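Biologist: I would like to go through this structure with you, one question at a time. Please give the reasoning before each result.

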Amino acid sequence: MINIDAHNHVSGKSIYLDDIIEWKGTLYALPFDVPVAHAKLGQIHMSGALSMAGVIAIFTAKDIPGKNQIGGIIADEPLFAEGEIHFWGQPIGIIVATSERICRLAREQIKIDFTALPVITDPREAQAKNMLICPPRNFQMGDVNSAWDDCEFVFEGEVNINGQEHLYIETQGAYARMKEDGSILIASSTQGPTAVQRTISNVLDIPMHKIEVDTVRLGGGFGGKEDQATGWAVMVALAAQKLQKPVKMVLHRMDDMRMTGKRHPYSADFKIGLSSDLKIIAYEATFYQNAGAAADLSPAVLERTLFHATNAYFVQNVHVTAFSCKTNLPPNTAFRGFGGPQGKFVIEAAITKVAESLGIPASDIQKRNLLQDGDEFSYGQIVDQCEAQNAWNSCE
Amino acid sequence: MFNEQNAHFKKGVAVQPICFGISFTNTMMNHARALVHIYQDGSVVVSTGAVEMGQGVNTKMLQVVVQKFGVGAENVRIESTNTLRIANTSPTAASAGADLNGKALEMACVSLWERLENVAAEHFSISNLKIQNGMLFDGFQNSGNNWLDLIQKAFQLRVNLSEHAHYATPMIHFDKVIGKGHPFAYHVYGTAILEVTVDCLRGTYHFDKVQIVHDLGKSMNTHIDNGQIEGAVVQGIGWMTLEEIIYNKEGKLITNALSTYKIPDIYSVPSEINIKHLESQGHEMAIQKSKAVGEPPLMYGLGAYFAIRNAVRAFNPDAEFEIDAPYTPEKVLMDLYKGR
Amino acid sequence: MIEFILNNETIRTELSPGMTLLDFVRYEANLRGTKIGCREGDCGACTVLLGKLNDQRIEYSSATSCLTPLANVHGMHVVSIEGLNTEGLNVVQQAFVDSSGTQCGFCTPGFVTSLCAYALNCEKANVSEAVGSMDGNICRCTGYKSIERAAALVTEKLQGKDQNQSLNWLTNHNFIPSYFEDIPEKLSQLPASLVNKGHTAIGGGTDLFVHHQDELQESSLNFLFRKKELFGIEFSETECIVNASTTATEFFENSRLVSIFPGWHSVMKLVSSTPIRNIGTVAGNLANASPIGDLTIILLGLNAKVVLSVNDFPFRTVKLSDLYLGYKKLNKKESEIISQIKFDLPEKDALFHFEKVCKRKYLDIASVNTALQIRLKDENIIIEIHCSIGGVGPIPMYLKKTAEFMKGKKLSPALIKESVEILQAEISPISDARGSADYKRLLARQLYFSHFHTMFPDMIKLEDLL
C-alpha cells in the first residue's frame, strides 16, 4: 500500500501546523534571546518594543503562573531564562504582536543587560570540571583488566564525532486557543503530545484534563520534535492563557537552528584487544557526551550509547563508561539512532585502527566477530534470532 | 585495480554491519493505546498515540485495520494524535511507534471482531466469519450480506462498536543499577557495503554505490520500509560527510542557516542504493512480524566515514589521520596532502 | 496596483510591492500548499512557477517565492501547487505517488512544482535534466532515490511532447490543468507597466531578501525588473554586453555564449540552483560584493568591465577588478547602479575554465572558486592570461601579480609551480564556516593546478605539479 497521505502531499492539500487557517484575532509570538552563551542576566529593556504599534505584550519568567520548568527527565531547564543564561539562543521571553513581522521588528528593539561568564563548549573540559548532567554510567561484562594480557594485539585511540542538525523542513511551531473554563487547545508539531500536555500543565498550573494537544502531522521530526517541540507549545499556551486570544508561533529557520539542540557530539577514548586470530577479546571505551546546557533526553541517549557500544559484535570482556557533560550549547536531544550511532562509530573506529595497523581489511575483523544466537550483550540480554551473519553473508 | 590505474581518483570501500535494539530502554515507556469507533454507516475512525511525521505509521495503522476487518481502505480514517482521545502517550520515537501503537490497535480490532463474529453467527448464520472487499463470507461461501449490514445489525442490537485497547510490551525489563536485564523486545540486523570515489586533486568525493541487506522480518509495507531505509542511509551519510555543525569558542552557532549547514541534495546522494530484504522470520513482538525500521538503517551511513578514509589512505598511505567525523571535503583534502 | 494571475485568478492588489510573493500566496491568497522551509532560497519548499509572456508565447520557470518581491511578478502568471492540480493527479504528481517520492510531504509541493517546470520547458526530455530541475529542492526524508525514480517516470511520459503546441500537448496529456491554455490571452490584457519610483535598487531579490525581508517590505524600492532597457544580452563585433536585469539562467543559456565557452552548462550547474538562477541577476551578484560570488569570479576571469548609471543614464565605466575596495565595499556611489557588464569576446584560441569546491558540490557557496582565461601562441608562450579567485580574501580577487608573472613566459609545470608562490602571496584567506585558512590556501593551489591540467591535459600532468 502506498502511503495514504501521498495524494494530499503531492497536491499541496495536507495540513501542517502553519496551514491551519487562522482563527479570528490570532496573535503571533516570537521568542527572544541574547547573543551570549553564558552570562548573568541583567535588566531587560522592553519599553521600545512595547511602544511599537501592533505589539501586544512581552512575557518573561515572571509571568509564569506555575513552574518555570520544562525539563523532561531532569527538572533543570527553565522555559524562560531567569537570572542566568546557559546557552546562546536560550529563550528569555516572547513578544506577542499582531503579525510575525512586527514581532521580528520589535525583537530588534529589546535590549538586555548581561555580564558574560566563562563559556565551555568542550565535553572533556566540562567533565574535568565535574560539570555533569547526571552521574556517569557504565556497563560491564567479563573482566577487561585481566583480559588485556590474553590479547595478541592491543590498540588505543581517540575519536571525535560531531553532532547533526535535524533539519526537518517544517520548523518548530505551535498554535493555541482558549476553550471554556480555562481549557486550552494546542496544535503542536510534536512527536510527544503528552509531554506537551504535561509540561503545559506544570507551567500554567492547570490540570492535564484542561489541555487538549492535537497533532495532525509533522513535516519531519527525526527526534528533533520529541522533547524540543515542547517549549514552543508551552509559550503559546501561556500567551493564549494570559491574553485570552489565539496565539501562534512558527520558528524562522535561523531561530530554530540557533535555539534548538541537535544530535549529541561525542568525544571518546577506546582500547581494544584481539587474539592472534582477530577475535576481539576485550573492549574498553569512555564516552564524553556533549549534552549542552540542560538534560533534555541526554541521560537516555547516553544509555543507548552504552547499549550499542559493541554494535553487531560479540565481545566477551566489555567495560564502557559514559559521561553526560554539561556545556554551554543548546541542550542536545534525540536524533534517529538516539546515541546508538555514536556508540557504534567508536568501535568501528577502533576496528579500523587495528586493521590499518595490521595492514588487513577491517572487514576481516568485523566478520570474525559478528554476533550469533546464544551470545550475550554486555547488558545481559541473550542474543536470539540473530541475523548478523546472514545479513553479512547475503551482502558480500 | 582502479586505485592502481588512477593516480588522482581513489575508490574506498567499507562494510557496515548493524545491530539495533528495539524498545524504549526506559521500560515504563513501552506501552500504547488505540481507539477505534465503527460508526453506524460502517465507516471506521482510528486514533492511536502514534504521530505521523513522514515515516508512514498512519499507513501501517490503516493496514492493520483493513486486514483485520476486510474492508476497503476508503472505509477507514486515521485521525490526528490527540490527548483527549489517547491519553498518556509515549512519544513517537525509538522506532517503536508502529509496533506499540499497532499492537494496541490490533487488540482493539480483535475485540470488535469478536463482537461482530457473534452478531454474524446469530443473525446471518455465519459460523466462520471472513470479510473480503466488504462482503461477509462464511468460510469461502459468500453470504450475500456486506459489512454495512453487519454493522447496522450490531448497532440495532446495541452492540458496542467502539473499543479502546492498551498494549504493553511483554518480557522486557532492565535494572539500571546493575546495568543488566532484557531491555529490548528484539534486535534489527543488517549489513551495507559502501563504495566511494575521492577526487584527490580537489578533496571532493561521491558515493558510487551502497548495497544493503536489511532484516525487516516480514515487511508489512515494502514501499514505506524501503523509503525509510533509503532516507536513513542518506541521512547517515550526510552526518558522516557534509553536515558540519560549528560553534565558535563563545558558543555561537556559526552554521546557523541552510546556506552554511549543508544536508544532502539530490546530486550528493549515492548513484546507486540497492536494498535487499533478508529472508528472516520476523519477530512476534514486531507488528505483523514486520520489524521496526525508523532508526536502524541510519547506521549504515557510518560506513561512509571509513570508506572515504580507505580511499584517502590509498592516496596517502603513510600519514597518521585523526578520527574526527564528519569527513568534510576540507578534512579530506588536508588528509590527502598531510605530510606530502 | 500590482496585477498578475495567480493560478486561474486575476489578482489586483495594493499591498506593498516589497512583500514577498510567498507571504502573499500563503497568507493573503490562503494557498497553503506552498511551504516555508528557510526563507532564504536554500530549500525550495516555496517553489512556484512564474509564467512570462514573450511575443504571445508564454515561458514558465521555477522560482523561490520567498525571495521574490510582489512587484516582480506584475504582469505574470504565478502558479502555486494548487494551480497545478488537475482532476485526480497530474502526471508529475502521480509519478511521485507511484514511486513513493513523498514521505513527510512538506518539501513535496516544491519538488512537484520544479519537475512541472521541467515538463513545461524541456525540449527533448532526459532523466538527468529532469533530476537537475530539482537541484534547488531539499528533502530530508526520502534520500532522493524515489524522487529520481519519479523523474524517470515523468521523463518517459514526456517523450512524445509536441514542441510547437506544448501547452496544448501538456494539457491533453494531463501534465497541467486546461486553464493554462487561456493564460497567454489573459496575460496580454494585463497592464504592462507599473509605477516604479522607489529608491533602493532591487533586481531578482535573491540577495537582499535573504536578510532584509522585514525592512524591504515597507521600503521605497526601485524595481530594476520593471525597466525594459535593462534586459537582454547584446553582442558587438568584439564585445558581449550583459544588461543588468539578465538572470543567471539567461546568461548561461545564451546560445552564443554556450557556443563560445565549452562546458558553459556544467559551469552553470555549479552556480546556485535552478529556481535561484531563474530570478537572480548577474549584476546583482556583482553588486552583492561577496568575496565568493560565482558570477563575479567568472566575470573577473573574463576581465569584464561594468557600466555604472545614474538616473538611468550611463555615467562611467570601471574595470570589474577595480570595483571592489574592501569587504562588501564598492567603488560605487549609492546613486549609481550597475547597468551593464561588458567583456571582450575571447579570441578563438583562448581557453576558459572555472573551478569551485564547497562542502556540497551543488547549491552551496564556494570554499574557494576560481576562473582562468588563457591564450598561448607558438611554443606555448602565454600571450594573455586572466585569473580570478574567491574565498581567499575580503574581496573577489583578480590575481594581477600572478598573471603578470605568467605573461610572456612559456607554459610548463615548473612555471605553474613557481607562479603558485605568487598566488599564495596575493591571497589572504581567513578561517570561517567555509573552511580554515590553511585549507583554503591548499585548495587555492589545487584548483589553480586543476585549471591547467584540465585545459592542457597532455602538457600539464598532475604528477608534475603535485
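Biologist: In which sense do strand 1 and strand 5 of chain C pair?
Modeller: This is a predicted model, so every value here is computed from it. Strand 1 covers residues 2-6 of chain C and strand 5 covers residues 77-79 of chain C, with 2 bridges between them. C:I5 stands opposite C:H77 in strand 5 of chain C. The sense of the pairing is parallel.

Biologist: Which strands stand at the edges of the 5-stranded open sheet of chain C?
Modeller: The order of the strands in this sheet is 2-1-5-3-4, and the pairing is mixed. An edge strand has a single partner strand, so one side of it is left without a neighbour in the sheet. The strands at the edges are strand 2 (9-13) and strand 4 (57-64) of chain C.

Biologist: How are helix 17 and helix 18 of chain C oriented to each other?
Modeller: Helix 17 (residues 413-426) of chain C and helix 18 of chain C have axes 11 Å apart and pack at an angle of about 140°. The crossing of helix 17 and helix 18 of chain C is right-handed. An angle over 145 degrees would count as roughly antiparallel, and this one falls outside that class and the others with a name of their own, so it goes with the rest. Helix 17 and helix 18 of chain C are therefore oblique.

Biologist: How do the residues of the contact of helix 17 with helix 18 of chain C divide into nonpolar, polar and charged?
Modeller: Helix 17 of chain C contributes C:I416, C:V420, C:L423 and C:Q424. From helix 18 of chain C come C:R441, C:A444, C:R445, C:Y448, C:F449 and C:F452. The residues of this contact divide into 7 nonpolar, 1 polar and 2 charged.

Biologist: Which helix supplies the largest share of the side of chain C that touches chain B?
Modeller: In this contact, 40 residues of chain C meet 37 residues of chain B. Helix 5 (145-157), helix 18 (437-455) and helix 19 (462-465) of chain C each supply at least two residues of the chain C side. The largest share is 6 residues, and it comes from helix 18 of chain C.

Biologist: Is B:A168 buried, exposed or partly exposed?
Modeller: B:A168 lies in strand 9 (residues 162-168) of chain B. Leaving aside neighbours within four places in sequence, B:A168 is in contact with B:N30 and B:H31. A residue needs 20 or more C-beta neighbours within 10 Å to be buried and 12 or fewer to be exposed. B:A168 has 14 inside that distance, so it counts as partly exposed.

Biologist: Which residues of strand 9 of chain B point to the face where the side chains are buried?
Modeller: In a regular strand the side chains alternate between the two faces of the sheet. In strand 9 of chain B, the side chains of B:S162, B:H164, B:H166 and B:A168 point to one face and are not buried. The residues that point to the other face and are buried are B:E163, B:A165 and B:Y167.

Biologist: Which residue stands opposite B:E163?
Modeller: Strand 9 of chain B runs antiparallel to strand 2 (residues 31-38) of chain B, and 7 bridges join them. The residue opposite B:E163 is B:V36.

Biologist: How are helix 5 and helix 6 of chain B oriented to each other?
Modeller: The axes of helix 5 (residues 222-240) and helix 6 (residues 302-315) of chain B come within 7 Å. They cross at roughly 50°. That makes helix 5 of chain B, relative to helix 6 of chain B, oblique.

Biologist: Which residues of helix 6 of chain B meet helix 5 of chain B?
Modeller: The crossing of these two helices of chain B is right-handed. Helix 5 of chain B brings B:G236, B:I237 and B:M240 to the contact. From helix 6 of chain B come B:L302, B:A304 and B:Y305.

Biologist: Which strand of chain B stands at an edge of the open sheet of 8 strands?
Modeller: The order in this sheet is 3(A)-5(A)-1(A)-12(A)-9(A)-10(A)-11(A)-5(B). Strand 3 (55-60) of chain A stands at an edge with a single partner strand, so one side of it has no neighbour in the sheet. The edge strand from chain B is strand 5 (81-82).

Biologist: Which residue is the bridge partner of A:T215 in strand 5 of chain B?
Modeller: Strand 11 of chain A pairs with strand 5 of chain B in the antiparallel sense, over 2 bridges. The partner of A:T215 is B:T81.

Conventions: Residues numbered from 1 in each chain as written. Chains lettered and ligands numbered in written order. Predicted model: local features only at pLDDT ≥ 70, side-chain atom pairs only at ≥ 80, totals over all residues. Pairing = 2+ DSSP bridges. Helix = DSSP H or I, 4+ residues; strand = E, 2+ residues; numbered from the N terminus. Contact = placed C-beta atoms within 7 Å. Axes fitted to C-alpha atoms, helices over the stretch in contact; angles between N-to-C directions. Parallel < 35°, antiparallel > 145°, perpendicular 65-115°, else oblique. Left-handed = near helix turned anticlockwise from the far one by under 90°. Nonpolar A, V, L, I, M, F, W, Y, C, P; charged D, E, K, R; others polar.
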